[in-house]
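I opened this notebook to record what I looked up, one entry at a time. The entries follow the order in which I examined the structure.

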Amino acid sequence: SRHNNDTEALASFVGWVNDKKGPLQGSASFGECENVGNANAILTDGLEVPGDKVLEQGVIEGRTLFSSTGDTGSSCPIIGLPVIGAGNGVATQLYPGLNWPSASPWAVAVGGTDLQGDGNTPEHRFTETAWEFTGGGNSTSEPAGNYQQGVASTNCTFDANGNPTATGPLCRSTPDVATISGDVATGNGLLINSDNGADSQGAGTSLSSPVWLGVWTRIQAAASGKGLGFANYKIYNLAKSSGGRDFYDVTVGDNLPYPAKPGYDNTTGWGTPEISQIMQDLTGRLTPTHNTAPAAIVTSPESSTVSSAPVS
């Protein structure tokens, strides 16, 4: 879902982690600029600090939040712009910061790619490049999770409350992974069908994040017990130890200015998922441990519209 203010966003996270029977994974296709210092009180708004605590609680419970890195390249939506808005639209902005909650060490940050098929049946990947407006970069205030040791490369210049610091810890680097976002300029992406029967083109990292949610849900279904826990612990272990077989390493493209390159980078993270291989390496299975019939599809008598705007 998408929320219009910090109070609603925080409440949705609190409701999720406090739901004892709730899902082990969720997706946030929205965000705002991380704190950039108290001097001008820019977005020091009381969301990130309590929000990180809530998401950390979720990690302790074995949950994973996937979060889109945003559609403003390696910049941050500090201000609202006419038509474009603060975080809804394809544009680069001035401050080289990250979008929260993807900047949180307790979330999986998901970047976007432009995927082209080969036209065969069944179709295979022909090319996959970094989408130029996919978010990613290095935080100024969010510390890196311990899984990013040896990967994150910069130190924080602000503490978690937005106050300047000269000796900050190793800071969060995003994205962690990527998958298809498409490109709204070329029509690459997915067609979204709404209840009124009209197809509309959807793209952006708001597509990437829920796709990874679906990928992880499928992988979790093959796991025994209570699941695999917070996905980033598994993702980074696999990426560092499996010899590259679990991810397609995107090495072409950039997000203004970070280039996609071999290994981890600030455009596509470790790359896009090789789902069957990840499932096999993490669970030893390619099928669910419990087969559950899907719920019946219930259609609403009222038509609804699905937004196809490239939101962060």
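**Entry 1: Thr179**

I began with Thr179, which counts as buried because its relative accessibility is 9%, under the 20% cut-off. I note that the model is a predicted one. I then looked up where Thr179 lies, and found this residue in strand β9, residues 177-180.

Which residues does Thr179 touch, leaving aside those up to four places away in sequence? I listed Val110, Gly111, Gly112, Thr113, Ser208, Val211, Trp212, Thr272 and Pro273. I also checked Leu207, which is 28 residues from Thr179 along the chain; the C-alpha atoms of the two are separated by 8.7 Å.

**Entry 2: Helix α4**

I turned next to helix α4, which spans residues 231-241, and noted its buried residues: Ala231, Asn232, Ile235, Tyr236, Leu238 and Ala239. Viewed down the axis of α4, these buried residues fall within an arc of 160°, so they line one face of the helix. Asn237 and Ser241, on the other side of α4, are exposed. I followed the chain just past α4 and found that Gly243 takes a positive phi of about 75°.

**Entry 3: Aromatic pairs**

How many aromatic pairs does the structure hold? I recorded 10 of them. I examined Tyr147 and Phe230, whose ring centres are 6.1 Å apart and whose planes stand at 65°, so this pair is edge-to-face. Tyr147 lies in the loop between β7 (137-143) and β8 (171-174), and Phe230 in the loop between α3 (205-221) and α4; the pair therefore ties together parts that are 83 residues apart in sequence. I found both Tyr147 and Phe230 to be buried.

I then compared Tyr147 with Tyr236: their ring centres are 5.0 Å apart and their planes are at 50°, so I entered this pair as tilted. The pair links distant parts of the chain, with Tyr147 in the loop between β7 and β8 and Tyr236 in helix α4, 89 residues apart. For Tyr147 I noted a relative accessible area of 6%, which makes the residue buried. Tyr236 is also buried, with a relative accessible area of 1%.

Which residues form one aromatic cluster? I wrote down Tyr147, Phe230, Tyr233, Tyr236, Tyr264 and Trp270.

**Entry 4: A charge over a ring**

Finally, I looked up Arg125. The charged end of Arg125 sits over the ring of Tyr248, at 3.7 Å from the ring centre.

Methods:
Residues are numbered from 1 along each chain as its sequence is written. This is a predicted model: local features need pLDDT of at least 70, side-chain atom pairs count only at pLDDT 80 or more; totals for chains, interfaces and linings use all residues. Side-chain values use heavy atoms; hydrogens and water are left out. Buried means under 20% relative accessible area, exposed over 50%, partly exposed in between (1.4 Å probe, protein chains only). Helices (H or I, at least four residues) and strands (E, at least two) are DSSP runs, numbered from the N terminus. The arc is that of the directions from the helix axis to the C-beta atoms. Rings of Phe, Tyr and Trp (its six-membered ring) pair if their centres lie within 6.5 Å; planes under 30 degrees apart count as stacked, over 60 as edge-to-face and the rest as tilted. A charge sits over a ring if NZ of Lys or CZ of Arg is within 6 Å of the ring centre and within 35 degrees of the ring normal. Contact means heavy atoms within 4.5 Å.
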